[in-house]
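Visitor: I would like to go through this model by question and answer. Please give the reasoning before each result.

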Amino acid sequence: MQMEAVKPSAVTPSKSNWVRTLSKVFHLHPDTAGIVPDDGVQKVKPKEAEEWNDSKTAKRLSQKFDSLHDEELERRVSLEALTAKIFATVSAIKAEYAHLQCAQSPYDAEGIQAADRSIVLDLKKLSELKQCFLKKQYDPSPEHAIVLADLQEQKSLSKTFEIMGKKLEFQLKLKESEIIFLREKWDESNKQNRLLEKRLNQSGQLFVLDNLQLSSLNPSQFITSLGQTVKSVRNFVRLMIDEMKSADWDIDAAASSIQQGVVYWKADDKCFAFESFIYREMFKAFHHPYFSLFGSSITGRKKHPQVFFDRFMELKSLKVKEYLAVKPKSTFAKFCRAKYLQVVHPKMESSIFDNLSSRDMVSSYQFPDTTFFTLFVEMAKRVWLLHCLAFAFEPEASIFQISRGCRFSEVYMESVAEEAFLSSDITLESEPRVAFTVVPGFRIGKTVIQAQVYLSQMKTR
């Protein structure tokens, strides 16, 4: 079989055919694509080719920049998700720690164990988050993780506030219980104080001197009666000063008029000036039988100790208001009348009560039912009983006072102001001296009952 020869034109197309084919593919036209139809070859102008290359490079750079920007944004969002998880975990630890503290008081073993387990798990979770950061293992859905972490953090905060609220409620209940307990204790103390005050100042009974016999009388019973007298006087003085303050009296001026030229260690010490006035008036003529109420007819005559002892035992067991109501003209009633008119000045009574009705009643042996007069007659009773007890001794007890300016002696004196001995610059010339006697002293045989004095620094001449 004879093979035919293949012509070159059949295998390799001509140049013009190749150009026409490319033109059909790229839709190039001679007037826009720069094809020169003279020789049939496509030629591109140099300026247009350069612009085309720059545009292509800029497009590639823009795509690369967008790619880098997307990667940075994704990394930042992933870090935000990781940070949100860390804060949520820390909030959970704080909530569980608050739960742990709350479970300790009152003690809750199960609650403590549960909180401990939760804290351990959350600490492990923190460690895992640290490893994720170091290894750059981020959450594949960071936006979703951020929302969940915020939700968990808010739940933990709510749990913390709830636990703290319960703890505060528990503490509030404890405080309320303490308040109730202290109020009950305070009420009980007040009740006991009222009972003691009633026994000392209103009941008219000296319980510690029950079953007392004249033959067994000794200075200790007198000291006991004197102590109750001192308390009664201070109760009356306290009320008198309060009434004077309510009536706008100048307490400083009143104290200065009683004891002149005294330098007090502190302002409250001025009450001792008022006490000294009460003792001076109430104990005036104490060394005479019945305070010389009946003049020289009784004063010069010796009374048997048994008579005074009997009077002491009689009044000791009675209430003073009831006794005065039954015996308004008794010796004790006359004593109360005389001393009230001496102690309570008309000007004072008028300023306190706005009238002199109490004074008029007392003058006519009628005794007003007021707190002021009640405390006065309680005080008067104590002084009267001490007087009767003093004359029940054989020989009778004697009374003494300390003169102004005397040096302090522990044998005969007791200071009512401790500040007198606390100064470090006391010398022989500036040592505290007696300013005035507050409570008089007594002698019973060889026993000396110290006088209570107020000391003040006064230089000797």
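Visitor: Does Ser292 count as buried, partly exposed or exposed, and at what relative accessibility?
Guide: This is a predicted model, and the class follows from a computed area. Buried means under 20% relative accessible area and exposed means over 50%, with partly exposed in between. Ser292 lies in the loop between α9 and α10 and has a positive phi of about 60° although it is not a glycine. Its class is partly exposed, at a relative accessibility of 28%.

Visitor: Which residue with a positive phi of about 70° is not a glycine?
Guide: The place to look is the loop between α9 and α10 (296–299). The residue there with a positive phi of about 70°, although it is not a glycine, is Ala285.

Visitor: What is the secondary structure count of the protein, and what percentage of the residues count as buried?
Guide: The secondary structure comes to 16 helices and 8 strands. Among contacts with a separation of 6 or more, residues 24 or more positions apart account for 72%. Of the 461 residues, the part that counts as buried is 34%.

Visitor: In what order do the strands of the mixed sheet run, and which strands stand at its edges?
Guide: The sheet is open and has 3 strands, in the order β4-β8-β5, with mixed pairing. β4 (413–415) and β5 (432–439) each have a single partner strand, so one side of each is left without a neighbour in the sheet. From one strand to the next the twist averages 45°. The edge strands are therefore β4 and β5.

Visitor: Where does the mixed pairing come from, and how many bridges join β5 to β8?
Guide: β4 and β8 run parallel and are joined by 3 bridges; in β8, the bridge partner of Glu414 is Gln452. β5 and β8 run antiparallel, and here Val434 has Leu455 of β8 as its bridge partner. The number of bridges joining β5 to β8 is 6.

Visitor: Which helix packs on the sheet that holds β5 and β8, and at what angle to β5?
Guide: β5 is mostly covered, with 8 of its 8 residues buried. The helix that touches β5 and β8 is α9 (residues 271–282). Its direction makes an angle with that of β5 of about 55°.

Visitor: Is Ser456 buried or exposed, and which backbone oxygen lies 2.9 Å from a polar atom of its side chain?
Guide: Ser456 lies in strand β8 (residues 451–457). Its relative accessible area is 3%, so Ser456 is buried. Not counting residues up to four places away in sequence, Ser456 touches Val263, Trp265, Pro432, Arg433 and Ala435. The backbone oxygen at 2.9 Å from a polar atom of the Ser456 side chain is that of Val263.

Visitor: Which strands stand at the edges of the antiparallel sheet?
Guide: This open sheet has 3 strands in the order β3-β6-β7, paired antiparallel. A single partner strand is available to each of β3 (398–400) and β7 (447–449), so one side of each is left without a neighbour in the sheet. The twist averages 20° from one strand to the next. The edge strands are β3 and β7.

Visitor: What is the bridge partner of Ile444 in β7?
Guide: Strand β6 (residues 441–444) and β7 run antiparallel and are joined by 3 bridges. In β7, the partner of Ile444 is Thr447.

Visitor: Over which ring does the charged end of Arg443 sit, and how far from its centre?
Guide: A charge sits over a ring if CZ of Arg is within 6 Å of the ring centre and within 35 degrees of the ring normal. The charged end of Arg443 sits over the ring of Phe400, and the distance to the ring centre is 4.7 Å.

Visitor: What kind of aromatic pair do Tyr323 and Phe332 form?
Guide: The whole structure holds 27 aromatic pairs. In this one the ring centres of Tyr323 and Phe332 are 6.0 Å apart and the planes stand at 65°. Tyr323 counts as buried at 10% relative accessibility, and Phe332 counts as buried at 2%. Planes over 60 degrees apart count as edge-to-face, so the pair is edge-to-face.

Visitor: Which peptide bond is cis, with omega near 0°?
Guide: The proline concerned is found in the loop between α16 (371–392) and β3. The cis bond runs from Glu394 to Pro395.

Notes: Residues are numbered from 1 along each chain as its sequence is written. This is a predicted model: local features need pLDDT of at least 70, side-chain atom pairs count only at pLDDT 80 or more; totals for chains, interfaces and linings use all residues. Side-chain values use heavy atoms; hydrogens and water are left out. Helices (H or I, at least four residues) and strands (E, at least two) are DSSP runs, numbered from the N terminus. Buried means under 20% relative accessible area, exposed over 50%, partly exposed in between (1.4 Å probe, protein chains only). A polar contact is a pair of N or O atoms within 3.5 Å; within protein, one must be able to donate a hydrogen and the other to accept it, and residues adjacent in sequence count only if both atoms are side-chain atoms. Contact means heavy atoms within 4.5 Å. Two strands pair if DSSP finds at least two bridges between them. Axes are lines fitted to C-alpha atoms, for helices over the stretch in contact, and angles run from 0 to 180 degrees between N-to-C directions. Rings of Phe, Tyr and Trp (its six-membered ring) pair if their centres lie within 6.5 Å; planes under 30 degrees apart count as stacked, over 60 as edge-to-face and the rest as tilted.
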